[in-house]
Amino acid sequence: MLEAIARAPSTHPAPRHCIALLRLHLASPSVAVAKQIHARALRAAGVPLSHPLLAKHLLFHLASLRAGAAPLRYAVAILTRLLPEPDPFSLNTMLRIAASSSRPRVALELHRRRLAPPDTHTYPPLLQACARLLSLRYGEGLHAEAAKNGLVALVFVKNSLVHLYGACGLFESAHRVFDEIPVLQRNLVSWNSVMNGFASNGRPNEVLTIFREMLEADLEPDGFTMVSVLTASAEIGALALGRRLHAFVAKVGLVGNTHVGNALIDLYAKCGGVEDARKVFEEMGVGRTVVSWTSLIVGLAGNGFGKDALELFGVMEREKLVPTEITMVGVLYACSHCGLVDDGFRYFNRMKEEYRIAPRIEHLGCMVDLLGRAGRVEEAYNYISTMPLEPNAVVWRTLLGACAMHKKLELGEAAWARLVELDPGHSGDYVLLSNLYAAVGRWADVHLLRKTMVTHGVRKNPGHSLVELRNSMYEFVMGDRSHPESDQIYQMLAQIAERLRHQGYVPRTSNVLADIEEEEKEAALNYHSERLAIAFALLKSLPGTPIRIVKNLRVCGDCHSVIKQISKVYDREIIVRDRSRFHHFKGEECSCKDYW
């Protein structure tokens, strides 16, 4: 009898003491503490190796560590050796540990073993694992299983499903699941999950719509909410909206949130507000992280202030901060857009040797771009041929763009041949090759290529420009006459053209890659979407007000020259964000120094 009592796990004093110690250290959990307490229990006489209550508390202690910090092998060993028949609580705790680890697939493997029946807390960690693995099919199976078990209506299961579908690119499915949650049951996680799904899939307008609905539901946003909303504003280039959101951030007390601060830097940089980005960066003070430095470095580089970006990187190094892979992409991008070829290779070598960062395809792509922009297209091709990684479509597209810019037909056709294999049907590749043929006067090939596009159902993305005025965004396409004030806009265009001609402007008709008469080419240039947007802004904004344009394609050489002159003649700062960078026009000069 005494022997039986001594062996009973629940009554032995050593396990009870160890469990009490584990509870005591929950406020500041650590792996070392868990292992020491576990070892103490094992050394105690009469304590069996398999002790369910101790195992449960050990797992709970490990799950309390920051995400990904728990040693997965140790946790699995506790589950499988100390708990041969785990209860749902212990298994769910293990699933949480595995889902947030570097090997989330372990959570799915444990689920397949059916070690315990699922309950209300089983599916969220499993769906989290699927989201991290982008395992849509398995996640859909879990969705069906949760429905079969009558657990799909729980708000935290719905939230996990919203996150899964958003992470896998099915933002419409994510929104549909969100709509299934009764309005009064939606919590902050519900709203954040659906907004993040739209934000990460390039749907900024939907993010802003959901945000308005959230505020109408009297729910207070947190840092995660504001990061999604600020990211959405950055994507559409809405600076005025961004500034209102910045004021809102201050109102709700999130100014000190590092993630929000980083998102604000990114917002202002992507809206061309470089000085605002600098100000946020400075105000963050000791709260700045490597992400903060990286955001400003990348922002400066993208806005054409490459040398400022490199100077800031030097300050970052003096602060003894270690750059990340993304930081180095920003540094190499700055070199590429400033024509600093030698500096670019020097930073690339330092990245490998000094910081032990293995080059990724993004870094290698920057090096190809660096050489291509500088006109060293043959060297760029040779660099691709000897790259340590298999070049992807983006790398070959970069080379094709350089070939079109510098009229390198043979290499351009070689790049095109690889793109047909890697990413057939990409409209941008057809446009680049067509531009290359047009630049060297091979009009028959231009027409043949355009027929091929029609045959294969490839549609070119039409060029459009957005301009922000008085809290509204206005969109224009080339030759657009849909605006209610079209007549006034075209009168303004004619006035601009006349004033520029008096200043000596001569249209660069070589930028019209079409086999038409010179007069038609001049008219085509004058009706480019960014010029319509600028004419509208000049009509509708106060003198001296900066004009901000977002264009989805690269600005042509003639428009670049025209906007420089408009900035001087009309005494306006004009900020244009095109497909790959910013141009800050002021006093007939551009931040890109005519190197783009």
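**Notes on cavities, strands and cysteines**

1. Let's start with the voids: the count comes to three cavities of 30 Å³ or more. Keep in mind as you read that this is a predicted model, and that every value below is computed from it.

2. The largest cavity has a volume of about 60 Å³. Its lining is made of Leu493, Ile496, Ala497, Leu500, Tyr505, Asn526, Arg531, Val562 and Ile566. Two elements each give two or more residues to that lining, helix H28 (486-502) and helix H31 (557-569). H28 has the largest share, with four residues. In terms of chemistry, the lining of the largest cavity splits into seven nonpolar residues, one polar and one charged.

3. On to the second largest cavity, with about 40 Å³ of space. Around it you'll find Gly237, Lys270, Cys271, Arg548, Ile549, Val550, Ile575, Arg577 and Phe582. Here the elements giving two or more residues are strands, namely S3 (547-551) and S4 (574-577). S3 supplies the largest share of this lining, three residues. By class, the second largest cavity is lined by five nonpolar, one polar and three charged residues.

4. Those two strands deserve a closer look. S3 and S4 run parallel and are joined by four bridges, and Arg548 stands opposite Ile575 of S4; both of these residues also line the second largest cavity. Together with H31, the two strands make a right-handed β-α-β unit. H31 is also one of the elements giving two or more residues to the lining of the largest cavity, so-called cavity one in my own scribbles.

5. Which way do the side chains of S4 point? Ile574 and Val576 go one way, while Ile575 and Arg577 go the other. Whichever way they point, all of these S4 residues are buried, including Arg577, which is part of the lining of the second largest cavity.

6. S4 has another partner too. It pairs with strand S5 (residues 582-586) in the antiparallel sense, over four bridges. Within that pairing, Val576 has His583 of S5 as its bridge partner. S4 and S5 form a hairpin, and four residues sit between them. Phe582, which falls within the S5 range of 582-586, is listed among the residues lining the second largest cavity.

7. There is also a hairpin elsewhere in the chain. Strand S1 (residues 464-469) and strand S2 (residues 472-477) run antiparallel, with six bridges joining them. His464 stands opposite Val477 in S2. What is the phi of Arg470 in this hairpin? Arg470 takes a positive phi near 45°, in a hairpin with two residues between the strands.

8. Last, the cysteines. How many disulfides are there? The count comes to zero. Cys335 is in no disulfide, and the nearest cysteine sulfur, on Cys338, is 7.5 Å away. Cys335 is also buried, with a relative accessible area of 0%. Cys590 is in no disulfide either: the nearest cysteine sulfur is that of Cys592, 3.4 Å away, whereas the cut-off for a disulfide is a pair of sulfurs within 2.5 Å. Cys590 is buried as well, at a relative accessible area of 6%.

Key. Residues are numbered from 1 along each chain as its sequence is written. This is a predicted model: local features need pLDDT of at least 70, side-chain atom pairs count only at pLDDT 80 or more; totals for chains, interfaces and linings use all residues. Side-chain values use heavy atoms; hydrogens and water are left out. Buried means under 20% relative accessible area, exposed over 50%, partly exposed in between (1.4 Å probe, protein chains only). On a 1 Å grid over the protein atoms alone, a cavity is a set of points where a 1.4 Å probe fits but cannot get out, and a pocket is an open set with protein on both sides within 12 Å along at least five of seven lines; lining residues have an atom within 4 Å of a point. Grid points are joined across faces, edges and corners, and a volume is the space filled by probe spheres set on the points. Ala, Val, Leu, Ile, Met, Phe, Trp, Tyr, Cys and Pro count as nonpolar, Asp, Glu, Lys and Arg as charged, and the others, Gly among them, as polar. Two strands pair if DSSP finds at least two bridges between them. A crossover is right-handed if, with the strands pointing away from the viewer, the path from the first strand over the helix to the second runs clockwise.
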